[in-house]
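Please open the model in your viewer and keep the selection tool at hand. The tour below proceeds by selections, each followed by a description of what is found there.

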Amino acid sequence: MKDGSYSPLFINKKSRIPVGEWLEAGYHPTNGFAGRQGWHCTLKPIAPHLKENPKHGMKRVWVEVEVEDTVLYDRPESQGGTWVLAQWMKIIREI
């Protein structure tokens, strides 16, 4: 965000994600999105289906995270390949 804080990209995007704190995933059903509970992470910082500089003027950034209680979810390479759905996540640092 403009103030340097982090937020989810699409689901529950008004929330803020602190650095260095373990957070449990919530479930926030949202029209137009598949219901997959968990923090959606990738194995590498690649997501070709997302714009790097969205219309609202913000720049997307990648963060390194630790995750626990995970499930791998196969996605096409055009969507970054394998997703990791984690029930717990902690931001380590911005990449």
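Begin with the interior. Select Tyr6, Ile17, Leu23, Ala25, Trp39, Cys41, Val84, Ala86, Met89 and Ile91: these 10 residues make up the largest nonpolar core of this predicted model. Now colour the strands β2 and β4 (83–94), each of which supplies at least two residues of this core. The greatest contribution comes from β4, with 4 residues.

Next, select Ala86, a member of that core. Which residues is Ala86 in contact with, leaving aside its neighbours within four places in sequence? They are Ala25, Gly38, Trp39, Val67, Glu68, Asp69 and Thr70.

Proceed to the aromatic rings. The structure contains 2 aromatic pairs. Select Tyr73 and Trp83, which form a stacked pair, with 6.3 Å from centre to centre and 25° between the planes. Tyr73 belongs to strand β3 (residues 63–73) and Trp83 to strand β4, so the pair ties together parts that are 10 residues apart in sequence. Is each partner buried or partly exposed? Trp83 is buried, with a relative accessible area of 12%, whereas Tyr73 is partly exposed, at 29%.

Finally, turn to the surface and select Leu9, Phe10 and Phe33. These residues form a nonpolar patch there, and together they have about 280 Å² of accessible area. Select Phe33 alone: Phe33 is located in the loop between β1 (23–24) and β2 (39–42). With a relative accessible area of 42%, Phe33 is partly exposed.

Methods:
Residues numbered from 1 in each chain as written. Predicted model: local features only at pLDDT ≥ 70, side-chain atom pairs only at ≥ 80, totals over all residues. Heavy atoms only, no water. Patch = residues over 30% accessible without salt bridge, like charges linked within 9 Å, V, L, I, M, F, W, Y side chains within 5 Å. Areas by Shrake-Rupley, 256 points an atom, 1.4 Å probe, with all protein chains shown as cover. Salt bridge = Lys/Arg side-chain N within 4 Å of Asp/Glu carboxyl O. Buried < 20%, exposed > 50% of the residue type's maximum accessible area, 1.4 Å probe, protein only. Core = buried A, V, L, I, M, F, W, Y, C linked by side-chain atoms within 4.5 Å. Contact = heavy atoms within 4.5 Å. Phe/Tyr/Trp six-rings, centres within 6.5 Å; stacked < 30°, edge-to-face > 60°.
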